[in-house]
Each structure stands twice: as structure tokens, then as C-alpha cells.
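The following note is offered for the file of a colleague working from the coordinates. The points are numbered for ease of reply.

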Amino acid sequence: MSRKHELLNLMNIDTSWIKNIPNSKMNLSNFTSLELEAKNCHACALSNTRNNVVFGKGNQKAKILIIGEAPGKDEDLSGEPFVGRAGKLLNEILFSMKLSRDNVYITNTVKCRPPENRNPLSSEVEKCTPYLINQINLIKPKLIVALGKVAGQTLLKENMLIKEMRKKTHQYNDIPLIVTYHP
Ligand code: URA
């Protein structure tokens with residue numbers, strides 16, 4: 001939560017209506033404040049239609065960070081990432097790798113559900129990316145797994161096709177990054 005929000009909250013003033021504009025210099029030192037900031041975010045129109053901000057879930061000290069695209073209907077209703085059909089598949093993939101959700105941290109590129117599950121707009125991705133960057137900086141994973149085109153292109157800052165991105169291990173700020181198909 002920003003200092004401005006904190007002070008207004010101390011005065012019992014509702015801050016949920018304030019349009020906060022995250023920027024990549026936002027450097028929140030812990031997960032709780034970052035999550036609170038995201039939950040109060042009105043930087044794009046997705047905040048008008050969401051039921052919940054889906055910030056992310058899992059082990060904040062995980063070596064593996066998994067990044068999807070955006071919450072779907074089930075995720076929007078529950079506030080947790082990958083709980084619907086894609087989540088079941090992701091659980092099976094993790095299980096086959098002898099991993100569970102407790103070993104990893106799972107989040108999305110965009111934290112609010114795009115209506116009708118459309119692809120997030122580039123403006124929405126842009127507004128939401130500072131949250132993702134801060135999550136990466138706080139978790140400091142040893143490996144990032146980007147699921148799908150949106151996550152891959154956001155981190156690589158390139159318009160590559162997924163079949164091209166899959167071909168090699170990339171680096172995101174010296175962290176190995178693999179891009180694979182979305183489940
Ligand atoms: N697809 C995603 O990319 N993220 C979710 O949380 C669910 C489905």
C-alpha cells in the first residue's frame with residue numbers, strides 16, 4: 001500500500017476509488033504490501049469487472065516461479081490462480097515432475113480477469129507488469145516458467161511466436177526462463 005493510501009486509511013477514508021498507477025519503479029519490500037497494492041489497483045478497466053484480484057499463490061521462497069496469462073472465471077471467483085480446468089492439468093504436470101503447489105509459486109501476467117476470457121490487451125499487460133516484476137524480485141526464483149505467449153512475450157519483451165520461444169532457455173535478469181505452452 002502506498003504512503004498516500006496508508007495515511008488516508010489511518011483517517012478512515014476509503015481509498016478504493018483512487019486510481020493508482022503502478023510503475024516499474026514501484027519497489028515494495030514485502031509481499032504483503034505488494035499484494036495489498038494490487039488488491040486496491042484500479043490502473044485499468046479490468047478492475048471494474050473483476051470479482052477478485054488474483055495476485056498469486058504458493059511458496060514465496062520457491063525456486064520455481066510459474067507465470068500464466070490471466071485469471072479465468074474460476075480464478076476470478078476464488079481469487080486463486082489456476083484452480084479451474086487448466087489448473088487441474090497444471091497440478092498433474094507438477095505431480096509428474098514430483099512437485100506440488102507447495103514447492104512453487106504460481107501467478108499470472110495480468111492479475112484480473114479479462115471479460116469473456118479474451119486475451120489481455122497490451123495496455124492491461126503494461127499496467128500490470130510492475131506487479132509481476134516486483135514478485136520476481138521478491139521471490140528471486142532459480143527458474144521462471146512462462147506458460148503461453150502472453151507471459152513469454154511480456155518477460156522477453158519480444159513479439160516472438162510461442163514455437164520460437166520454446167526452442168531455448170532464455171534469461172530474465174540472469175534467471176533462466178523457459179517458455180512453454182499454456183495448459
Ligand atoms: N489460465 C491462466 O493463465 N491463469 C489462470 O490462473 C487460469 C487459467
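**Notes on the predicted model**

1. Immediately after helix H6, lysine 140 adopts a positive phi of about 50 degrees. This residue is not a glycine, and its place is the loop between H6 and S4. Lysine 140 counts as exposed because its relative accessible area is 57%; here exposed means over 50% relative accessible area, buried under 20%, and partly exposed in between, with a 1.4 Å probe and protein chains only. Helices (H or I, at least four residues) and strands (E, at least two) are DSSP runs, numbered from the N terminus.

2. The model is predicted: local features need pLDDT of at least 70, side-chain atom pairs count only at pLDDT 80 or more, and totals for chains, interfaces and linings use all residues. Residues are numbered from 1 along each chain as its sequence is written, and side-chain values use heavy atoms, with hydrogens and water left out.

3. On confidence, the protein chain has an average pLDDT of 90, and 85% of the residues score at least 70; pLDDT is the predictor's confidence in each residue, from 0 to 100. The lowest confidence falls in helix H1 (residues 3-10), with a mean of 64, and the highest in S3, at 98. Where pLDDT is low, the predicted coordinates should not be read in detail.

4. The protein chain contains eight helices and six strands, in the sequence pattern α-α-α-β-β-α-α-β-α-β-α-α-β-β. Of its 183 residues, 48% are buried. Among contacts with a separation of 6 or more, 68% come from residues 24 or more positions apart; contact means heavy atoms within 4.5 Å.

5. Helix H6 (residues 122-139) has 18 residues and spans 25 Å from its first C-alpha to its last, close to the 26 Å expected at 1.5 Å a residue; the expected span is 1.5 Å times one less than the number of residues. H6 nevertheless has a kink of about 40 degrees at cysteine 128, shortly before proline 130. The bend at a residue is the angle between axes fitted to the seven residues ending there and the seven starting there. Cys128 and Pro130 are among the buried residues of H6, which also include Glu124, Tyr131 and Ile139.

6. The six strands make an open sheet of mixed pairing, in the order S1-S3-S2-S4-S6-S5. S1 and S5 are the edge strands, each pairing on one side only. Two strands pair if DSSP finds at least two bridges between them.

7. Helix H7 (residues 149-156) packs on this sheet and touches S2, S4, S5 and S6, its direction making about 130 degrees with that of S4. Axes are lines fitted to C-alpha atoms, for helices over the stretch in contact, and angles run from 0 to 180 degrees between N-to-C directions.

8. How many residues of S3 are buried? Five of the five are, so S3 is largely enclosed by the rest of the structure. Val104, Ile106 and Asn108 lie on one side and Tyr105 and Thr107 on the other. S3 (residues 104-108) pairs with S1 in the antiparallel sense over two bridges, with tyrosine 105 as the bridge partner of glycine 58. S2 and S3 run parallel and are joined by five bridges; isoleucine 106 is the partner of isoleucine 66.

9. In S6 (residues 175-180) the side chains alternate: Ile175, Leu177 and Val179 point to one face and are buried, whereas Pro176, Ile178 and Thr180 point to the other and are not. S6 pairs with S4 (residues 143-147) in the parallel sense over four bridges, valine 145 standing opposite isoleucine 178. With S5 (residues 170-172), S6 pairs in the antiparallel sense over three bridges, and glutamine 171 stands opposite proline 176. S5 and S6 form a hairpin with two residues between them, and asparagine 173 in the turn has a positive phi of about 45 degrees.

10. Two further loop residues merit inspection. Phenylalanine 82, in the loop between helix H4 (73-78) and helix H5 (85-96), has a positive phi of about 50 degrees although it is not a glycine; its relative accessible area is 5%, so it is buried. Lysine 63 lies in the loop between S1 (57-58) and S2 (64-68) and, at 56% relative accessibility, is exposed. The C-alpha atoms of lysine 63 and leucine 143 are 6.3 Å apart, with their positions 80 residues apart in sequence. Beyond residues up to four places away in sequence, lysine 63 touches Asn103, Pro141, Lys142 and Leu143.
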